[in-house]
Amino acid sequence: MKFPASVLASVFLFVAETTAALYLSSTYLSGGDRIWQALTLLFSLMPCALVQLTLLFVHRDLSRDRPLVLLLHLLQLGPLFRCFEVFCLYCQSGHNEEPYVSITKKRQMPKNGLSEEIEKEVGQAEGKLFTHRSAFSRASVIQAFLGSAPQLTLQLYISVIQQKLHTGRCVFMTLSLLSIVYGALRCNILAIKIKYDEYEVKVKPLAYVCIFLWRSFEIAIRVIVLVLFASVMKTWVVLVVLVNFFSFFLYPWILFWFSGSPFPENIEKAFSRVGTTIALCFLTLLYSGINMFCWSAVQLKLDNPELISKSQNWYRLLVYYMMRFIENSILLLLWYLFKTDIYIYVCAPLLILQLLIGYCAAILFMLVFYQFFHPCKKLFSSSVSESFRAWLRCFCWACRKQESCESAEKTEVKSSTDQDETPSSSKMSPDPTQTLSADDICSA
């Protein structure tokens with residue numbers, strides 16, 4: 001049975017980040033910074049509560065008679081208890097023989113165009129471990145983008161405004177960045193397993209490394225750009241955040257509205273229509289939070305019974321990164337034009353160049369992952385290189401068509417100019433017969 005390393009990583013980041021947030025809020029309280037203390041606690045306790053609800057929802061403990069578990073979750077100790085359960089299951093799995101097993105069928109990755117279907121026996125302990133891993137993966141994504149991402153942005157903004165960075169805040173920001181990158185990595189893995197549920201997915205270590213580098217560059221640079229812009233234009237950054245948030249929040253609902261599909265009722269049997277609406281709103285809230293800082297590998301599709309689009313849309317990926325690169329460039333340009341004296345010792349052009357190159361490096365690692373290390377790349381209808389070549393051919397064709405249209409317009413203008421010049425020249429030089437007749441008249 002596979003060692004539950006992902007559960008251990010999730011619990012470690014959860015406990016470490018919560019502890020660091022409580023310590024840092026106490027330093028803000030002692031220093032008299034009540035606003036920073038309140039915001040730090042808000043971005044720490046809000047994801048904690050959401051993580052507890054996620055674990056209860058996945059394990060369906062709200063409908064079961066487990067008062068001790070509910071009490072531990074109310075005391076924010078749910079992840080620790082779940083981690084203890086996981087390792088108890090893992091240690092006992094090899095000693096007790098399973099009386100009941102279930103059979104799962106998975107298809108292997110195609111080899112030479114052929115894909116074999118294999119059967120695997122799954123015991124009760126392994127099934128429970130799978131549920132725990134799934135619950136902690138979702139909890140890590142929620143903690144990362146509804147807690148750690150705004151927390152990292154806040155702490156970096158405080159450091160820039162105060163122009164100092166002490167050890168406690170530095171450690172806290174490092175933990176927050178690791179939590180966000182880990183949440184983005186789990187989001188990628190979840191997206192792959194959801195899209196290719198009927199296949200046996202095996203992610204190689206190099207794929208993890210590539211995703212880690214891709215997400216690290218993308219998220220770190222996005223946070224730095226937002227903080228730099230917020231430090232010089234505090235009011236306008238609120239508008240930027242709200243436009244980004246509501247664009248991604250409303251986009252799945254707009255597509256659902258135009259699709260004309262019935263309201264989804266199969267999320268949870270115990271949910272009423274109001275409960276289903278709240279769950280869908282929370283899901284789109286998480287979706288917009290992810291897209292605020294990085295590309296969400298999962299694409300919501302509310303008219304789909306599974307709520308997830310399983311198609312690989314390269315066009316949407318291309319549009320997202322092009323728009324995000326343009327937005328980051330505009331925000332950096334505005335920061336450069338309106339920067340204050342706190343950046344007097346900062347080489348602004350060099351910093352802008354480094355940030356844009358870093359974002360391009362994130363895109364490069366993403367392309368390398370999809371081209372070489374994606375576990376299901378054999379199932380793609382078209383690879384990244386093929387899609388890029390097709391896009392490049394379309395772009396070149398459009399450029400050539402525009403050049404041909406411009407040359408045709410020039411030719412038409414030139415011909416019309418020649419036609420205009422011809423009658424004017426005939427009027428300037430009269431016909432010889434007309435001249436002779438005039439001389440004859442004069443001599444007469």
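Let's start in the middle of things: the largest nonpolar core takes in 82 residues, and F145, W214, Y321, F369 and Y370 have the most contacts inside it. Helix 7 is the top contributor to this core, giving 14 residues. Apart from it there's another core, of seven residues, with V11, C83, L129 and F136 among them.

Keep in mind that what you're looking at is a predicted model. How far does the confidence go? The protein chain averages a pLDDT of 82, and 83% of the residues score at least 70. Helix 7 (residues 205-232) also comes out on top here, with the highest mean at 94, while helix 13 (residues 432-443) sits at the bottom with 42. Around that low point, residues 424-444 have a pLDDT below 50, and the stretch has one contact in the model beyond near neighbours in sequence.

Now back to F145. Leaving out residues up to four places away in sequence, F145 touches P150, I180, G183, A184, G289, I290 and C294. One of those partners, P150, leads us on to the second largest pocket: together with F43, T153, V241 and F293, P150 is among the closest to the pocket's centre, out of 24 lining residues.

That pocket has a volume of about 790 Å³. Which helices build its lining? Helix 2 (34-59), helix 5 (124-162), helix 7, helix 8 (234-259) and helix 9 (273-293) each supply at least two residues of the lining. As for chemistry, the lining of the second largest pocket counts 21 nonpolar residues, plus two polar and one charged. So helix 7 turns up in the core, in the pocket lining and at the high end of the confidence range.

Notes. Residues are numbered from 1 along each chain as its sequence is written. This is a predicted model: local features need pLDDT of at least 70, side-chain atom pairs count only at pLDDT 80 or more; totals for chains, interfaces and linings use all residues. Side-chain values use heavy atoms; hydrogens and water are left out. pLDDT is the predictor's confidence in each residue, from 0 to 100. Helices (H or I, at least four residues) and strands (E, at least two) are DSSP runs, numbered from the N terminus. Contact means heavy atoms within 4.5 Å. On a 1 Å grid over the protein atoms alone, a cavity is a set of points where a 1.4 Å probe fits but cannot get out, and a pocket is an open set with protein on both sides within 12 Å along at least five of seven lines; lining residues have an atom within 4 Å of a point. Grid points are joined across faces, edges and corners, and a volume is the space filled by probe spheres set on the points. Ala, Val, Leu, Ile, Met, Phe, Trp, Tyr, Cys and Pro count as nonpolar, Asp, Glu, Lys and Arg as charged, and the others, Gly among them, as polar. A nonpolar core is a set of buried Ala, Val, Leu, Ile, Met, Phe, Trp, Tyr and Cys residues joined through side-chain atoms within 4.5 Å. Buried means under 20% relative accessible area, exposed over 50%, partly exposed in between (1.4 Å probe, protein chains only).
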